[in-house]
Amino acid sequence: MSGLLQPPAEPDVPQPVERVEHLGMTTGYLGATASAAVAVASRATPAAWRLLLRGPAFWVGAAILLFWVVCAIFGHLFAPYSPLAQNLLLPSAAPSGAHWFGTDPLGRDVLSRVITGSRDILIITPLATILGTILGTILGLAMGYFGGTFDLIAGRIVEAFLALPIVIIAFLFIVALGPSTGTLITVIGLVFTPLIARTVRSAAQVERQQDYVAASRLFGESPVRVMFGEILPNVMPAILVEFTVRLGYAIFTIATLSFLGFGITPPTPDWGADIYANYINLLPGYWWQTLFPALAIASLVIAVILIADSIEQVLAS
């Protein structure tokens, strides 16, 4: 009989109790599993930011970018001359104390045009990149999550767009729609959509195989909820890196379109348009009319690339 009796538990030893979570409940829109992932990421964020802020490349890029942002907002306040004011008595004047960067063939101050020329490009590029990131993320999540026929058809369309240079595609759209600020934002955003969608698709395909996605399906979450509530938070680092990289490409694309005459309409100060208008004066020796706008483009692109590389290194560590 004694062999049938279970020995009493020792009172000083706590018995292991398996904790059962009520998985049917979700935390906000993200769901239980994604909310846990976001909570872990949020706890690591301060350390990641400290690592980012310790990098000299990030500070150099941020300082250059901040300088051009200030020029875009307040450039008209400290530009020495009006960027549109012509002085036909001083055409193509060399750099001097009166005109630090010289003048162009119409006598306009090059420094004033370089300073104020950052305004439109710093308005168009972020908006166009944000548009392309949103559309590319939606398309990439759908391709990576659904797969099958939808992924095959959408993938062929994406590959068709990627087969052509970005500038050529943008050029064709602008010729059809006409150059304007809204057209540039829309066209560049649409051109970047397949590029970003390809990256997001690859990341979403990896996440689709994870257990938390299968659990979300078992609990009856809709595909939209799974894509944007569960998968999206986990592919956000890839989207952030892609956004910063495409921002640099957008700057170069707008400058190229302006150089070809399909960007910002003259006489509005624009770096690419000024290079196009004055590059023929390089041979006669008027180098300052082209050099300083080109250096402005290069510095802004380099600044964005330095920031993008710093963010990528932090997220990869």
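**Close-up views of the predicted model**

**Figure 1. Lining of the largest cavity.** The largest cavity is lined by D104, V110, R113, V114, D274, N278, Q289 and P293. This view, like those that follow, is taken from a predicted model. The volume of the largest cavity is about 50 Å³, and the count of cavities of 30 Å³ or more comes to one. Helices α3 (110–116), α10 (271–278) and α11 (288–316) each contribute at least two residues to the lining. The greatest contribution, three residues, is that of α3. By class, the lining of the largest cavity comprises three nonpolar, two polar and three charged residues.

**Figure 2. Surroundings of W271.** Among residues more than four places away in sequence, W271 contacts W68, R113, V114, G117, S118, I121, P293, A296, I297 and L300. Of these partners, R113, V114 and P293 also appear among the residues that line the largest cavity. W271 is likewise a member of the largest nonpolar core, where W271, W68, L141 and I231 touch the most other members.

**Figure 3. The nonpolar cores.** The largest nonpolar core contains 52 residues, and those touching the most other members are W68, L141, I231 and W271. Helix α9 (residues 223–259) supplies the largest share of this core, namely 12 residues. A second core, separate from the largest, consists of six residues, including L52, V241, I311 and V314.

**Figure 4. Packing around G140.** G140 lies in helix α4 (residues 118–146) and has a relative accessible area of 0%. Because buried denotes a relative accessible area under 20%, G140 is classed as buried. When residues up to four places away in sequence are set aside, G140 touches A197, V200, R201 and A204. The C-alpha atom of G140 is separated by 8.7 Å from that of A203, although the two residues are 63 residues apart along the chain.

**Figure 5. The second largest pocket.** This pocket has a volume of about 160 Å³. Its lining is formed by 16 residues, of which I264, T265, P266, A273 and A277 are the closest to the centre of the pocket. Helix α10 gives the most to this lining, with four residues. The lining of the second largest pocket divides into eight nonpolar, five polar and three charged residues. Helix α10 (271–278) is also one of the helices that supply at least two residues to the lining of the largest cavity.

How values were computed:
Residues numbered from 1 in each chain as written. Predicted model: local features only at pLDDT ≥ 70, side-chain atom pairs only at ≥ 80, totals over all residues. Heavy atoms only, no water. Core = buried A, V, L, I, M, F, W, Y, C linked by side-chain atoms within 4.5 Å. Buried < 20%, exposed > 50% of the residue type's maximum accessible area, 1.4 Å probe, protein only. Contact = heavy atoms within 4.5 Å. 1 Å grid on protein atoms, 1.4 Å probe; cavity = no way out; pocket = protein on both sides within 12 Å on 5 of 7 lines; lining within 4 Å. Points joined across faces, edges and corners; volume = space filled by probe spheres on them. Nonpolar A, V, L, I, M, F, W, Y, C, P; charged D, E, K, R; others polar.
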